[in-house]
Amino acid sequence: MSIAKSEEILTTAPVTLDPHHWVANHADYLFSYAITRINEEEQARDLVQETFLAALQRIDKFEGRSSERTWLTAILKNKVIDIYRKKSSGLGKNTTSLDTEQQDQDFFDPYDGHWKKTHRPEPFGIDTNDPLMNKELKSILQQCMQKLPALWLSVFAMKHMDEESTELICEELRVTPSNFWVIIHRAKLNLRACLQKNWI
Amino acid sequence: MNELKNMIYNCRKATFLIEKKQLAALTLREQLELRIHLTGCSFCRLFQKQSIGINKMVYELFHPAENREIRLDDDYKKKLQERIEEKLDKN
């Protein structure tokens with residue numbers, strides 16, 4: 001309901017900020033944005049609060065070119081990226097220096113690059129158009145994502161959820177372009193394997 | 001693994017290209033290599049199908065429209081709005 005309302009305002013009048021209704025209008029949305037990206041409830045709540053407080057401080061910088069929600073989301077997004085950056089640098093060099101050959105040996109034969117027998121993809125045997133099945137598969141997927149190393153999840157999330165440019169991700173998270181692709185590859189191999197293991 | 005194995009048999013490289021292809025453009029050579037590999041490898045064809053499906057699910061999962069059921073609790077929201085009002089009063 002509140003979304004429809006704010007969109008109406010967007011099309012009819014210049015956008016103004018209405019902090020008295022920020023929480024009612026946007027808190028759930030911002031919380032869901034945050035929790036899906038960092039998956040720690042308390043931290044996600046804190047981020048929502050920080051976002052509103054930061055927004056209050058720069059209220060006079062709002063130019064009315066975007067909707068109130070878009071503006072707030074942009075502030076939150078920067079905070080999420082900060083957390084990604086902290087998390088991935090905090091985990092030390094082990095995850096950043098990727099020994100690809102070494103790690104891929106989990107999945108592929110080191111000599112010929114074939115799938116190892118135990119890791120070959122198997123059909124999930126479901127019709128992804130079935131909403132119920134789909135929902136369950138998604139919840140497993142979410143759990144699988146949380147098992148990824150922090151840096152991988154950050155890279156994966158920034159690329160797939162927010163569709164950031166590769167350059168920006170590499171810069172923000174300090175990974176080289178070639179490591180970026182290695183991470184994308186590894187993350188998917190692990191996610192797919194995790195789904196297969198927990199679904200079938 | 002010093003010698004470069006022929007791409008036709010290399011599933012590691014093929015899955016790498018499958019991932020890359022979904023996010024960026026492959027070179028002509030890469031496209032050709034991948035196509036040849038996929039013609040002969042049912043595992044990687046399945047991997048590709050599932051990988052595309054996963055990306056689609058991830059996108060849906062984190063697209064706001066799908067997440068209406070995630071909510072902050074009302075208590076927290078009430079306190080949050082109070083805090084905002086407090087700050088507004090000060091200014």
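Start with the contacts of chain B: among those with a separation of 6 or more, 56% come from residues 24 or more positions apart. Keep in mind as you click around that this is a predicted model.

With chain B still selected, switch on the cartoon. You'll find four helices and zero strands, so to speak an α-α-α-α pattern when read along the sequence. Now colour by burial: 25% of the 91 residues in chain B count as buried.

Next, go to the largest nonpolar core, which has 47 residues. Show A:Leu30, A:Ala34, A:Val48 and A:Val155 as sticks; these touch the most other members. Then highlight the elements that give two or more residues to this core. In chain A, pick helices H2 (22–38), H3 (41–57), H4 (68–90), H7 (131–146), H8 (150–160), H9 (166–173) and H10 (177–199). Add helix H3 (42–61) of chain B, which is on that list too. Which helix gives the most to the core? That's H2(A), with nine residues.

Colour chain A by domain now, using 2–90 for domain 1 and 93–199 for domain 2. Both domains give residues to this core, so the core lies between them.

Zoom in on A:Ala34. What is A:Ala34 in contact with, leaving aside its neighbours within four places in sequence? Select A:Ala44, A:Leu47, A:Val48, A:Leu76 and A:Val80 and you have the set.

Last stop: a second, separate core of twelve residues. Among its members are A:Phe108 from chain A and B:Cys11, B:Ile18 and B:Cys41 from chain B.

Definitions and conventions:
Residues are numbered from 1 along each chain as its sequence is written. Chains are lettered from A and ligands numbered from 1 in the order in which they are written. This is a predicted model: local features need pLDDT of at least 70, side-chain atom pairs count only at pLDDT 80 or more; totals for chains, interfaces and linings use all residues. A nonpolar core is a set of buried Ala, Val, Leu, Ile, Met, Phe, Trp, Tyr and Cys residues joined through C-beta atoms within 7 Å. A residue is buried if 20 or more other C-beta atoms lie within 10 Å of its own, exposed if 12 or fewer, and partly exposed in between; C-beta atoms are placed from the backbone. Domain bounds come from an automatic or database domain assignment. Two residues are in contact if their C-beta atoms, placed from the backbone, lie within 7 Å.
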